[in-house]
Amino acid sequence: MPIPLSLKPKHKYDLIRVGSQNDGGYLIEKNSILVCDFLLSFGVSTDWNFEKEFIGYNYIDFKAFDGSIDELFWINWEKKAFSKFFKLSFKELFKYYKVKYSFYKFFNKNNFESSYIGNKINYLPISKIIKNLKSHNIFLKIDIEGSEYDILEDLIKFQSRIIGLAVEFHNCTEMINKITEFIERLNLELVHIHGNNYDRVSKDNIPETLEITFARLPKPIDQNPEIPHYLDKPNKHNKNDIKLNFGS
């Protein structure tokens, strides 16, 4: 069972790479960035190159959410870094200070919130976030380790206000029908798909993790989609990228 054909882009689009050269980078339809008026980012971990580059293309307001990044996160990392420091290993301590400095230089209380996104208890519902925004051309980047399936209905509900969308889908072998159903109901065009090579490919030839981007009314530049795209990079740099096989 190859990847369903509905997950293959219908055309070739004008894409640019935003974010890291490997894991954390996404191929985005260029016009989605240029006409976007607000960026919502769900899941940043310790890499916010996507957010920095995105607002570099279009200087707009943005807000990021990640419940794993809180004061305890920094305390635990500092303890780990110093334990290695006392063993005469300085790399971890240097990385800790570098990342923490970069985080607080880029984020503040207005553009970052330490909250998990979803509909579970103590999670922040996406509906509450979008209802508080006046923007109608919102771009969303979503990498929330499986909780993306909890918010698909909300994305459908608010799709008229979404100009572009980049989602990392996890557990794709098990959830492939839910992904295809979501795409069928979404009034945005699928413009790119890429397999994350940090995870395995199932015996059905479906990558366990797929990065899929969408755009509202993108303009095709060619009738034949480019898969893989020349801007694609393996998430894990020292491992071959995944070749995608689609159904007929």
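Helix α4 covers residues 91-106 of this predicted model. Its 16 residues, at 1.5 Å a residue, should span 22 Å. The end C-alpha atoms are 23 Å apart, which agrees with that expectation. Which residues of α4 are buried? They are Glu 92, Leu 93, Tyr 96, Val 99, Phe 103 and Phe 106. The elements that cover them include two helices, α2 and α3 (71-85). Strands β5 (61-65) and β6 are also among the covering elements.

Those two strands lead into the sheet. It is open and has 7 strands, in the order β6-β5-β4-β7-β8-β10-β9. The pairing is mixed. Strands β6 (112-113) and β9 (189-195) stand at the edges. Each has a single partner strand, so one side of each is left without a neighbour in the sheet. Strands of a sheet pair through backbone hydrogen bonds, and the pairing can be parallel or antiparallel.

Now look at β7 (residues 138-142) and β8 (residues 162-169). These strands run parallel, and 5 bridges join them. To find the register, start at Ile 138, which stands opposite Ile 162 in β8.

Next comes the largest pocket. It holds about 450 Å³ of space. Its lining has 27 residues, and the closest to the pocket centre are Gly 43, Val 44, Ser 45, Asp 143 and Glu 145. What is the character of the lining? It divides into 9 nonpolar, 10 polar and 8 charged residues.

Ser 45 deserves a second look. This residue lies in the loop between β4 (38-42) and α2 (49-57). Its phi is positive, about 55°, although Ser 45 is not a glycine. Most residues other than glycine have a negative phi. Is Ser 45 buried, partly exposed or exposed? Its relative accessibility is 40%, so Ser 45 counts as partly exposed; the partly exposed class runs between 20% and 50%.

Asn 171 also has a positive phi, near 55°, and is a residue other than glycine. Where does Asn 171 sit? Its place is in the loop between β8 and α7 (172-185). Asn 171 has a relative accessible area of 41% and is therefore partly exposed.

One last backbone feature concerns a peptide bond. Most peptide bonds are trans. The bond that joins Ile 227 and Pro 228 is cis, with omega about 0°. Pro 228 lies in the segment after β11 (220-222).

Technical notes: Residues are numbered from 1 along each chain as its sequence is written. This is a predicted model: local features need pLDDT of at least 70, side-chain atom pairs count only at pLDDT 80 or more; totals for chains, interfaces and linings use all residues. Side-chain values use heavy atoms; hydrogens and water are left out. Two strands pair if DSSP finds at least two bridges between them. Helices (H or I, at least four residues) and strands (E, at least two) are DSSP runs, numbered from the N terminus. On a 1 Å grid over the protein atoms alone, a cavity is a set of points where a 1.4 Å probe fits but cannot get out, and a pocket is an open set with protein on both sides within 12 Å along at least five of seven lines; lining residues have an atom within 4 Å of a point. Grid points are joined across faces, edges and corners, and a volume is the space filled by probe spheres set on the points. Ala, Val, Leu, Ile, Met, Phe, Trp, Tyr, Cys and Pro count as nonpolar, Asp, Glu, Lys and Arg as charged, and the others, Gly among them, as polar. Buried means under 20% relative accessible area, exposed over 50%, partly exposed in between (1.4 Å probe, protein chains only). The expected span of a helix is 1.5 Å times one less than its number of residues. Contact means heavy atoms within 4.5 Å.
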